[in-house]
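Q: I am a first-year student, and I would like to take a close look at a single part of this structure before moving outwards to the rest. Could you take me through one strand and its surroundings, and then show me how the other parts are built?

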Amino acid sequence: MKKAIGLALAVLATSVVAASAQGSNRIAAVSAAGVNCKSTITLPLVTPVTGGAGFLGAEQGSWSKYAVKTLAKPLGLKVKFVLGDTPVEQGPAPAQALAQKYVADKSVLVVLGPSTSGAVAASSSTYYAAKIAHISPSATRTSLTQGSSKEATPAFFRVVPGDYIQGPSDANFMIKTLKVKKVVLLDFQEPYSTGLSDSVEGVLKKAGVSTTRLSAPNTTTDYSAYVTKVPSDADIVFFPTQKPGDAQTFAQQLVEQGKKAKVFGGDGSNDPSAFKAGGSYVSNFAPDITGIKADAAIVAGWKKENPGKAVGSFGPPSYGATQVALNAIALACKAGHGTTTRQAVLSSIKKVKIKNWILGGDLRWSTKSNDPLNAKFYIFQIQSNGAYKLVG
Amino acid sequence: MSDSTPHGSHVPAEGPAVGQDEWVARHAEQRFMPGGPLGALEDRIRRVPWWAWLILFLAAASTLPVFEHSGYVRYVAFSTVLYMLLALGLNVVVGWGGLLDLGYVAFYGIGAYAYAMLDSDKFGIHLPTIVSVPLVVAIGAIGGFLLGLPSRRLTGDYLAIVTLFFLQLFQTITTNGDAAFGHNLTGGPNGILNVDPFHLGKHDLVVQHEGIFAVSYFYVALAVFAVVFVALRFVNQSRTGRAWRSQREDPLAAEAMGMPVNWLKLLSFSFGAAVAALTGTLFAAQSASVFPLTFYFVLLIIVYTMVILGGSGSQAGVVAGAVIVSPLLELLRDPGKSRVIFFLALVGGLLLMSRRSRALGIVAIVTLAFGFAVHEILGAIDKSWIAGEHQGGFAGVTDHWVVAPAHMARWIAPTSYIGLIAAVLLVTMVRGRLRLALLVPTVYLTAFVWENVMLAKPEPARYIVLGVILIALMILRPNGLLGERRVEIV
Amino acid sequence: MDTFLQLTVDALTLGSVYALIALGYTLVYGVLKLLNFAHGDVFMVGSFIGFGVLQLLGGTSKPVVPVWLLLVLMVLAAMVGCAVLGVVIERFAYRPLRDAPRIAPLISALGVSFFLANSMQLLFGATPRNYNIFDLANASLYTKGFNVGNVHVALLRIITVVAAFVLMVLLWFLVNRTRTGKAMRATSYDREAAAMMGIDIDKVIVFTFVLGSALAGAGGVLQSLRVPTTVAIGFVVGLKGFTAAVIGGIGSIPGAMAGGLILGFAESFSQGYISTKWSDLIVFSILIAFMIFRPQGLLGRADIRKV
């Protein structure tokens with residue numbers, strides 16, 4: 001038996017060593033090292049692929065993949081698209097490990113994501129130290145790019161506006177259009193919803209709206225007791241979940257208890273296949289792009305690649321982020337005459353200007369922060385047939 | 001490996017010490033005495049003392065950064081050392097104390113959080129590392145003691161629940177600690193950012209150079225590991241260690257012999273918690289941030305798998321467990337490497353077993369032929385069934401052996417996976433020729449599922465591997481690779 | 001007053017499902033002295049079986065059978081499926097370890113739990129599944145029912161509670177009024193003595209797993225009628241089930257029912273009256289207090305160790 005164990009250990013050890021040797025990069029990836037633009041460039045997207053927010057990764061992944069497939073060749077680039085998984089259940093730690101992985105891989109010039117704000121805060125300094133630009137299609141926390149103590153570094157960019165727009169625009173919509181008197185706000189004891197609820201609550205309170213704040217553990221599935229605590233004269237329940245199905249449950253339980261309040265979700269609950277309770281509201285950083293004429297060809301092409309899937313609102317910004325990344329690489333390659341560095345790509349990001357931007361209009365960058373200029377949040381009302389109608 | 005033989009290393013050459021029966025002392029050796037030149041070599045290896053193995057291991061580990069400049073590999077090596085430390089700590093509680101502590105990773109978290117609070121801008125405290133680390137270890141030890149205090153009356157499964165709920169409490173408190181009585185204590189779900197690296201005076205032990213993981217933390221962790229390993233080894237060989245083992249095997253008898261069983265349990269909790277807390281400081285200093293969800297159920301299962309796989313009770317064993325599992329989990333993220341591991345393990349496993357039974361060698365050959373045949377036949381019927389792409393290592397070989405449909409119909413994945421489970425369970429139920437015959441399609445089905453179902457989703461796939469390791473080990477070899485066999489009197 | 005009534009309704013629905021899960025823990029613990037960590041995941045599988053049956057029968061928008069039959073079929077299918085799953089788990093993961101040190105089956109159970117949750121994720125993904133019972137027959141399960149004062153008690157909740165209690169009564173009957181039930185009680189009291197009296201222990205254990213897992217399957221469907229399910233719920237559900245079983249006194253069947261209801265009330269009322277943020281803390285503190293001051297629970301008997 002002893003021998004057998006020894007042998008088993010040896011087999012395991014050899015397989016581990018052999019596997020590590022497979023394509024392992026033995027060259028130190030130093031930011032200054034030049035990369036030949038003709039070689040294959042790895043473009044990772046860091047997003048939750050598994051776990052409760054797995055739908056996010058699936059949608060963003062399909063759009064980024066499509067963008068790489070259609071845009072890389074015309075720009076003269078060979079790009080390999082890979083997904084890095086940061087399940088929301090494990091917090092931001094997996095993002096740190098992935099950052100180390102991509103920094104070490106010298107074929108990585110720029111990273112897409114991380115998709116969630118917590119993951120950005122946890123890994124941005126590693127990317128910055130390696131001069132890798134990381135462009136998020138969906139991280140909306142305000143303090144990443146603005147304020148006195150920024151959580152992200154100058155290497156972080158996002159193609160969608162942050163909660164500094166989402167919070168106030170949601171709150172202002174409630175105040176001006178819906179004329180609310182009483183609002184209940186929930187958070188789910190995780191960074192995204194806590195930040196967003198804080199921001200909305202602040203604006204509402206200033207306008208003299210009476211607010212109640214509730215807080216549910218991230219593992220909650222049954223919201224009955226929370227519904228009970230919603231006053232019967234409340235107008236809106238602000239429910240910025242990252243699990244759209246929960247928003248649906250909450251809306252249904254409000255009906256069950258005969259409460260008149262409507263659910264108002266943030267960008268995280270924007271999923272027409274899961275959240276379709278009529279009368280509810282959803283805000284998002286992207287309009288419904290199927291209504292934009294210039295995007296018709298893109299949408300048709302994506303649908304061909306992903307038969308039977310509906311166009312959500314997380315995918316198009318991901319396409320946009322990929323477009324920015326690829327264009328930045330192409331610009332840097334042009335300036336470097338066939339070779340480029342991570343540093344060069346990083347400084348070309350803000351030089352990228354895209355006409356007929358997938359989210360409508362043109363893409364231009366703010367001069368003060370790494371946020372897009374003139375971006376706004378869109379508010380949808382869910383119709384009784386489950387369709388999302390743009391209302392603000 | 002030396003401590004896998006109970007007497008082996010420290011029997012003096014000139015004979016047993018006074019008061020020891022010679023035959024008894026040499027009994028173990030005599031039983032395993034192998035013959036021939038190979039046997040002599042094996043005997044020689046077994047006589048290498050434990051500290052020589054440790055030094056050899058440390059020396060080998062410390063050369064890693066010389067050969068490997070990739071920050072990622074260094075980072076994985078660093079986390080492997082953290083896992084080794086965690087496994088050593090858990091071994092004290094589970095392996096020596098015999099207590100099922102499911103709240104273990106909470107102490108890892110407590111250590112990380114305590115360090116983060118003592119050394120960050122959070123409260124503006126920046127204690128020197130030489131003060132804060134011992135302080136955190138003390139906090140961990142006291143925390144373990146306090147958790148043990150109510151739990152000591154509870155045995156076995158009750159203890160498991162109380163400790164599991166302790167982990168849950170830790171989660172609840174850290175995630176909601178941003179508004180505890182109006183104060184922000186733990187940063188809530190956002191965690192604590194900008195934690196100081198280890199520092200002495202004005203000198204910081206930096207974590208990264210240009211984003212590349214600095215190797216200094218790897219060496220610090222390795223040094224901490226060596227100290228903890230030796231310290232725990234001495235504890236285990238002391239009176240306390242022997243008392244732990246005896247109360248683990250039979251608490252009633254131990255109590256009857258006048259041993260302070262409760263005190264011993266508290267002590268093992270305390271030791272385990274202190275080691276976990278110490279590891280937590282390394283983690284917090286290196287990652288410069290702490291978040292509640294890092295210290296949760298998945299991590300717990302990972303550390304348990306390491307301890308069980310290596311063999312709870314054996315220090316060398318649990319370290320081996322960590323050294324195997326941690327890189328394995330990292331490699332399984334990558335489908336190409338995942339495939340290499342799988343096929344090497346498959347071939348290695350069959351070879352290993354065929355040493356004991358020649359029939360298995362035949363099974364291996366038949367399986368190989370079976371695979372090519374199935375591949376050819378299916379290919380002849382419909383090209384699309386074998387048109388799927390293989391990527392990464394070994395693709396050339398597996399391309400002609402494993403069937404990979406170009407488009408997976410929705411029913412294929414669940415059917416083949418559940419079919420595989422059924423086939424494996426069936427193989428364990430039948431005996432003799434039938435089992436050998438069943439083994440052929442089962443192995444092939446395993447390869448099919450691995451290629452087409454598991455490789456597509458690395459995240460659940462690697463955890464499934466952990467679950468299977470846990471169940472299979474418990475049934476086939478509960479004492480792990482190097483563990484001591486337990487004789488529990490029920 | 002309205003809030004109080006509403007919270008009571010919530011507590012009853014929550015509690016009856018908790019009781020169903022707790023029963024599974026208690027039955028298995030009674031007979032095997034094993035904490036079946038995988039029980040929560042059996043519950044999860046049950047909720048997915050229910051979802052599968054619902055989709056097969058046309059979904060909530062166009063069901064091909066009457067609503068009552070649809071619900072009955074979903075629950076039955078989940079019960080049968082989970083019973084099979086429970087028996088398989090017992091046969092392959094626990095039976096080989098029956099005479100091993102007590103820590104061994106516990107670790108094996110952890111492995112099974114992890115294996116089940118991740119296998120389900122591998123096969124069906126992590127996306128939450130919503131039965132969308134709301135769409136069934138124009139939301140009538142939500143809007144029908146009766147009113148107590150201003151509080152509306154929806155039909156769906158009545159169905160959940162009644163179904164759970166019917167199952168519990170059935171279980172009580174099986175355990176107390178049948179020969180197998182008698183054998184089960186004897187085994188739980190003293191396994192070796194029961195074996196010597198000619199009771200087929202293996203059969204009794206299989207029967208126990210059938211009962212416990214079927215109840216978990218039913219619980220899975222009943223809970224998912226109201227809230228979405230995911231592959232990851234097993235862990236939390238398992239914790240809640242434990243808590244209920246321990247509060248009631250693990251090993252005691254009426255104890256598990258009482259424990260489930262107490263937990264439901266504790267959770268609902270602490271969320272309603274004290275704090276939504278700290279309700280988990282309150283619930284778990286109750287458990288730890290029980291474990292320390294009354295480890296045998298409300299209705300359990302004190303553990304007398306034989307030497």
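A: Let us begin with strand β10 of chain A and its partner β11(A), residues 281-284, to which β10(A) is joined by two bridges, the two strands running parallel. This is a predicted model, and the description that follows should be read with that in mind. Within this pairing, A:Phe264 of β10(A) has A:Tyr281 as its bridge partner in β11(A).

The strand β10(A) itself covers residues 262-265, and its side chains alternate in direction: A:Lys262 and A:Phe264 point one way, whereas A:Val263 and A:Gly265 point the other way, and all of them are buried. On β10(A) there is also a pairing with strand β9(A), residues 236-238, where three bridges join the two strands and the direction is again parallel. Here A:Phe238 is matched with A:Phe264 as its bridge partner in β10(A). To get from β9(A) to β10(A), the chain passes through helix α8(A), residues 244-256, and the resulting β-α-β crossover is right-handed. A:Phe264 is thus a useful residue to find on the screen, since it is the bridge partner of A:Phe238 and also of A:Tyr281.

Stepping back to chain A as a whole, the domain assignment divides it into domain 1, made of residues 35-162 and 293-351, and domain 2, made of residues 164-284 and 378-390. The centres of these two domains, taken over C-alpha atoms, are separated by 29 Å. Where the two domains touch, domain 1 of chain A contributes 16 residues and domain 2 of chain A contributes 14 residues. On the side that belongs to domain 1 of chain A, the residues that touch domain 2 divide into five nonpolar, 10 polar and one charged.

Two places in the backbone of chain A also deserve a careful look. The peptide bond from A:Gly113 to A:Pro114 is cis, with an omega near -10°, and A:Pro114 is found in the loop between β4 (110-112) and α4 (117-129) of chain A. The other place is A:His337, a residue other than glycine whose phi is nevertheless positive, near 50°. A:His337 sits in the loop between α10 (315-335) and β12 (339-340) of chain A, and with 8 other C-beta atoms within 10 Å this residue counts as exposed.

A comparable backbone feature can be found in chain C, where C:Asn132, which is not a glycine, has a positive phi of about 55°. C:Asn132 lies in the loop between α4 and α5 (140-143) of chain C, and because 18 C-beta neighbours are inside 10 Å, C:Asn132 counts as partly exposed.

Chain B brings us to helices, for it has 20 helices and four strands. Of the 490 residues of chain B, 48% count as buried, and among the contacts in chain B with a separation of 6 or more, 73% are between residues 24 or more positions apart. Its domain assignment gives domain 1 (2-47), domain 2 (54-331) and domain 3 (337-456), with the C-alpha centres of domain 2 and domain 3 of chain B lying 39 Å apart.

Two helices of chain B can be checked against a simple expectation of 1.5 Å a residue. Helix α12(B), residues 261-287, has 27 residues and reaches 39 Å from its first C-alpha to its last, close to the expected 39 Å. Of the 27 residues of α12(B), 24 are buried, so this helix is largely enclosed by the rest of the structure. After α12(B) comes B:Ala288, which has a positive phi near 60°. Helix α14(B), residues 315-331, has 17 residues that should span 24 Å, and its end C-alpha atoms are 25 Å apart, which agrees. In α14(B), 16 of the 17 residues are buried, so this helix too is largely enclosed by the rest of the structure.

Finally, chain B meets chain C in a contact that takes 39 residues from chain C and 42 residues from chain B. On the side of chain C, the elements that give two or more residues are α3 (67-94), α4 (103-124), α10 (233-248) and α12 (279-293) of chain C, and α4(C) gives the most, with 15 residues. The residues on that side of chain C divide into 31 nonpolar, five polar and three charged.

Conventions. Residues numbered from 1 in each chain as written. Chains lettered and ligands numbered in written order. Predicted model: local features only at pLDDT ≥ 70, side-chain atom pairs only at ≥ 80, totals over all residues. Expected span 1.5 Å × (residues − 1). Buried ≥ 20, exposed ≤ 12 C-beta atoms within 10 Å, placed from the backbone. Contact = placed C-beta atoms within 7 Å. Nonpolar A, V, L, I, M, F, W, Y, C, P; charged D, E, K, R; others polar. Domains from an automatic or database assignment. Pairing = 2+ DSSP bridges. Right-handed = clockwise from strand over helix to strand, strands pointing away.
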